[in-house]
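Welcome! Let us take a friendly walk through a protein model, one contact at a time. Keep the structure open beside you as you read.

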Amino acid sequence: MKKSLTESASFIASALPPHFHPKVAIILGSGLCAITDGMDILATLPYSTIPHFPISTVDSHRGALVLGYIGDTAVAVMQGRFHYYEGYSAEEVVFPLRVVQQLGASILLLTNACGGLNPLFRACDIMLIDDHINLQWENPLISRDERHRFPDMSTPYSSRLQSIAEQCALRQALTLRKGTYLAVTGPNYETRAELRFMRTIGADAVGMSSVPETLAARSLSMEVLGLSLITNECRPDAPRHVSHEEVLTTAVRAEQNLKKLVFSILEES
Ligand code: HPA
């Protein structure tokens, strides 16, 4: 594991100018690829070209690591992430993040598409992740490597970065929701009974990602900011069909707002 991390990191570093070290790792969720459009790109490395990287099997995830600058901030953007539902192990899901941390990143900015459980939330809203519930029953920190053990999770999402995000949203007159993200493995969407249960235990949104990366990032002492795009409203009492196509269409519809918010947060982080 340590050897493959070093080999991946050295390969990526060899494609970059020697002075370049990403400060922020950005992970883009389903249908959320526009963030790289306004970037000053130094290198785009398809995952398939990087030694030891898994390969994204989800159509809406482009599967490339894009390195460069957004404004003055050095970033490494993962266009596409890995999920348990693709059959990857916990270790494989967080491997690219560990590599980017090794390249120098100290901040993780996560984005994802998710279902809104809070009845006040509407499709296209953006939610700041304030806390999470891990119902994936998987954990990328389970390993023989003692260094990954016992990270504190009392405040996994940085309050410093959350206040920056809130101030940026206010300036843009953008409604920013705040709440608890609940992670399941998927790949099925939830039953009505599951949605009722999730709401009862305090979740505001449900999705199939992000928590493994937060766990790995916190164990590496990275600061984490999570932004969830609500793509569909989950109402156990007024159930309606959810489809992957609907999730993607809504993500694409709302991604310019998310992009604007991310760019302004990076200016201040
Ligand atoms: N449930 C789980 N994951 C999701 C959903 C949902 O309703 N929408 C987008 N990702």
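## Where H3 meets H6

In this predicted model, a good place to start is a helix contact: Ile164, Ala165, Gln167, Cys168, Ala169 and Arg171 of H3 meet Leu261, Ser264, Ile265 and Glu268 of H6. Sorted by character, the residues of this contact of H3 with H6 are six nonpolar, two polar and two charged.

How do the two helices lie against each other? Helix H3 covers residues 159-171 and helix H6 covers residues 244-268, and they pack at an angle of about 125° with their axes 9 Å apart. Angles from 115 to 145 degrees fall in the oblique class, and H3 and H6 are therefore oblique to each other. The crossing of H3 with H6 is right-handed.

## Leu258, a residue of H6

Stay on helix H6 for a moment and find Leu258, which lies in it. Is Leu258 buried or exposed? Its relative accessible area is 1%, and the cut-off for buried is under 20%, so Leu258 counts as buried.

Which residues does Leu258 touch? Leaving aside residues up to four places away in sequence, Leu258 touches Leu32, Thr111, Ile126 and Leu227. You can also compare Leu258 with Asp125: they are 133 residues apart in sequence, and their C-alpha atoms are 9.5 Å apart in space.

## Where H2 meets H5

Now turn to another helix pair. Helix H2 (residues 90-102) packs with helix H5 (residues 211-219) at an angle of about 45°, and their axes are 9 Å apart. That angle makes H2 oblique to H5. The crossing of H2 and H5 is right-handed.

Which residues make this contact? From H2 come Val93, Val94, Leu97 and Arg98, and they meet Pro212, Glu213, Ala216, Ala217 and Ser219 of H5. The residues of the contact of H2 with H5 divide into six nonpolar, one polar and two charged.

## Rings that pair up

Next, look for aromatic rings. How many aromatic pairs does the model hold? The count comes to five aromatic pairs. One of them is Phe20 with Tyr69, an edge-to-face pair with 5.4 Å from centre to centre and 85° between the planes. Phe20 lies in the loop between helix H1 (2-14) and strand E1 (24-28), while Tyr69 lies in strand E3 (residues 64-70), so this pair ties together parts that are 49 residues apart in sequence. Phe20 has 4% relative accessibility and so counts as buried, whereas Tyr69, at 23%, counts as partly exposed.

Phe53 and Phe95 also form an edge-to-face pair, with 6.0 Å centre to centre and 80° between the planes. This pair links distant parts of the chain: Phe53 is in the loop between strand E2 (40-46) and E3, Phe95 is in helix H2, and they are 42 residues apart. Both Phe53 and Phe95 are buried. Ring pairs also join Tyr47, Phe53, Phe82, Tyr88 and Phe95 into a cluster.

## A closer look at Phe53

Phe53 has a relative accessible area of 7%, so it counts as buried. Not counting residues up to four places away in sequence, Phe53 touches Ser8, Ile12, Tyr47, Phe95, Pro96 and Val99.

What about Glu146? Phe53 and Glu146 are 93 residues apart along the chain, and their C-alpha atoms are separated by 23 Å.

## Unusual backbone spots

To finish, here is some background on the backbone. Most residues other than glycine have a negative phi, and most peptide bonds are trans. With that in mind, look at the peptide bond from Gly186 to Pro187, which is cis with omega near 5°. Pro187 is found in the loop between strand E7 (176-183) and helix H4 (192-200).

Now find two residues with a positive phi. His52 is not a glycine, yet it has a positive phi of about 75°. His52 is in the loop between E2 and E3, and its relative accessible area of 42% makes it partly exposed. Cys124 also has a positive phi, near 85°, and is a residue other than glycine. Cys124 has its place in the loop between strand E5 (107-116) and strand E6 (126-134), and with a relative accessible area of 22% it is partly exposed.

Conventions:
Residues numbered from 1 in each chain as written. Predicted model: local features only at pLDDT ≥ 70, side-chain atom pairs only at ≥ 80, totals over all residues. Heavy atoms only, no water. Axes fitted to C-alpha atoms, helices over the stretch in contact; angles between N-to-C directions. Helix = DSSP H or I, 4+ residues; strand = E, 2+ residues; numbered from the N terminus. Parallel < 35°, antiparallel > 145°, perpendicular 65-115°, else oblique. Left-handed = near helix turned anticlockwise from the far one by under 90°. Contact = heavy atoms within 4.5 Å. Nonpolar A, V, L, I, M, F, W, Y, C, P; charged D, E, K, R; others polar. Phe/Tyr/Trp six-rings, centres within 6.5 Å; stacked < 30°, edge-to-face > 60°. Buried < 20%, exposed > 50% of the residue type's maximum accessible area, 1.4 Å probe, protein only.
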